[in-house]
Amino acid sequence: MPGYDQRDGVIWFNGELIPWADAKVHLLTHALHYGSAVFEGMRAYDGEIFKLTEHSQRLLHSAEILDFELPYSVAELDKAAREVIAANRLTDAYIRPLAWRGSEQMGVAAQKTRINVAIAAWEWGAYFDPAARENGMKLTFAKYRRPDPMTAPVHSKAAGLYMICTVEKNRAEREGFADAVMLDWRGNIAECTGANIFFVKDGTIYTPTADCFLDGITRRTVIALTKQRGWNVVEKRILPEELSGFTECFVTGTAAEVMPVGSVGEYSFKPGEITRTLMDDYAALVRPAKAVAATG
Ligand code: PMP
C-alpha cells in the first residue's frame, strides 16, 4: 500500500480539487512547528456523510478557539466534503478536513499566516479490530492525562492535543492493548485516545462529563439513542476505582463507531444487552436506507 501522500484521487485544497500527490505544504509551515492546526474526522455511509453539518460546525469552532477564522462557511465546507467523496467515487469512506496556518510568517506570532483548508477522503475500514466485537477490546490506562481547560484548548479538535494521544496509543499497542483510557488532570476517567467511553451498571448508562475533553458527536448521538430506548443516561465524574462496579463498557467515536470493551487494566466487563443494542442502533442510524430495506 502506498503512503498517504502517494494515493490516487483528488483532494480539495483551498477551494480546488487537485491531484492527491500534489496536495503539499512547505517545511516552514506554521502548523508543523507550532501545532496551529485543527481537523475533523467524518464517515460516509452509502454515499451520505453522517452528521456532516455538525462536523463542519465543529471545525469552525475548533479554529475559532485557536484564534483563526476559516475563510469558508459551514455550507461551503459541507459542499466541499460532498464534492470530495463524489469526485473520488467513494460511498463508504472516512473524510478528513484539516485547517492550518501557512508559511507566510515564522515564529510564535501568526497574524499574517494564511488559513488553509483541505479535505481528503479514503476508504477506511474498522478503526478497532472487528474481532473484538464479540468479547470486547482490551484497554490499558494511559500515563498522560487530559489537561485542565485552563492550560489547553480542550474543546478544540486541535492537532496539538493529540501528541499525548499518539504516545499513549503507541504504548498501548506495543503492550498488546487496543487503546488506552486517559484520566483527566483531576484523576477522573476521561476518554480514550480517539474515542469517548461509556459504562453500564444495573441498566443505567454512565459516561464522564465532557468538561475537559471532546464532547464527541458520536457520544451525543449515542446518548440520544439511549434516551430513545427509554434508558437512563448519567453524565458524571467517574473515578478509576469505580470501574469495579460496572458490568459493561463501550467506546464511541466517528472512526471507532460503537465498540465493546472487555477490560480496562484490572477491571473486566462483558458486552451485554445495552452495548449490543446500541451497536445495532448506531449501525442502523448511519445507514437509514439499509434499515428501511430490512424492515420494509
Ligand atoms: N475523543 C477524541 C480524543 C477523539 O479523537 C474523538 C474522535 N474525533 C472522539 C473523542 C470522538 O469524537 P466523535 O464522536 O465526534 O468522532
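A salt bridge is a side-chain nitrogen of Lys or Arg within 4 Å of a carboxyl oxygen of Asp or Glu. This term is used in the legends below, which describe close-up views of a predicted model.

**View 1. The side chains of Arg287 and Asp46 form a salt bridge.** The separation between nitrogen and oxygen in this pair is 2.9 Å. Because the limit for a salt bridge is 4 Å, the 2.9 Å between Arg287 and Asp46 qualifies. Between domain 1 and domain 2, two salt bridges are counted.

**View 2. The chain is divided into two parts, domain 1 (10-122) and domain 2 (132-288).** Each domain supplies 20 residues to the contact. The C-alpha centres of domain 1 and domain 2 are 26 Å apart.

**View 3. Domain 1 and domain 2 bury an area of about 1,700 Å² between them.** The size of an interface is often given as the accessible area lost when the parts come together. Carbon and sulfur atoms give 61% of the area buried here. On the side of domain 1, Phe39, Tyr45 and Arg58 lose the most area to domain 2 and together account for 34% of what that side buries. Nine residue pairs are in polar contact between the two domains.

**View 4. The ligand is surrounded by 14 residues.** Those that come nearest are Tyr162, Glu191, Ile217, Thr218 and Thr254. By residue class, the shell consists of four nonpolar, seven polar and three charged residues.

**View 5. Polar side-chain atoms of Arg58, Lys157 and Tyr162 approach the ligand.** For Tyr162, the distance to an oxygen atom of the ligand is 2.4 Å. A polar side-chain atom of Arg58 lies 2.8 Å from a ligand oxygen atom, and one of Lys157 lies 2.8 Å from a ligand nitrogen atom. On its own the ligand has 380 Å² of accessible area, and the protein covers 95% of that area. Arg58 thus appears in two of these views: it is listed among the residues of domain 1 that lose the most area to domain 2, and its side chain approaches the ligand.

Note on methods
Residues are numbered from 1 along each chain as its sequence is written. This is a predicted model: local features need pLDDT of at least 70, side-chain atom pairs count only at pLDDT 80 or more; totals for chains, interfaces and linings use all residues. Side-chain values use heavy atoms; hydrogens and water are left out. A residue is near a molecule or strand if one of its heavy atoms lies within 4 Å of it. A polar contact is a pair of N or O atoms within 3.5 Å; within protein, one must be able to donate a hydrogen and the other to accept it, and residues adjacent in sequence count only if both atoms are side-chain atoms. Accessible areas come from the Shrake-Rupley method with a 1.4 Å probe; for residues, only the protein chains shown count as cover. Ala, Val, Leu, Ile, Met, Phe, Trp, Tyr, Cys and Pro count as nonpolar, Asp, Glu, Lys and Arg as charged, and the others, Gly among them, as polar. Domain bounds come from an automatic or database domain assignment. Contact means heavy atoms within 4.5 Å. Buried area is the accessible area (1.4 Å probe) that two parts lose on being put together, summed over both.
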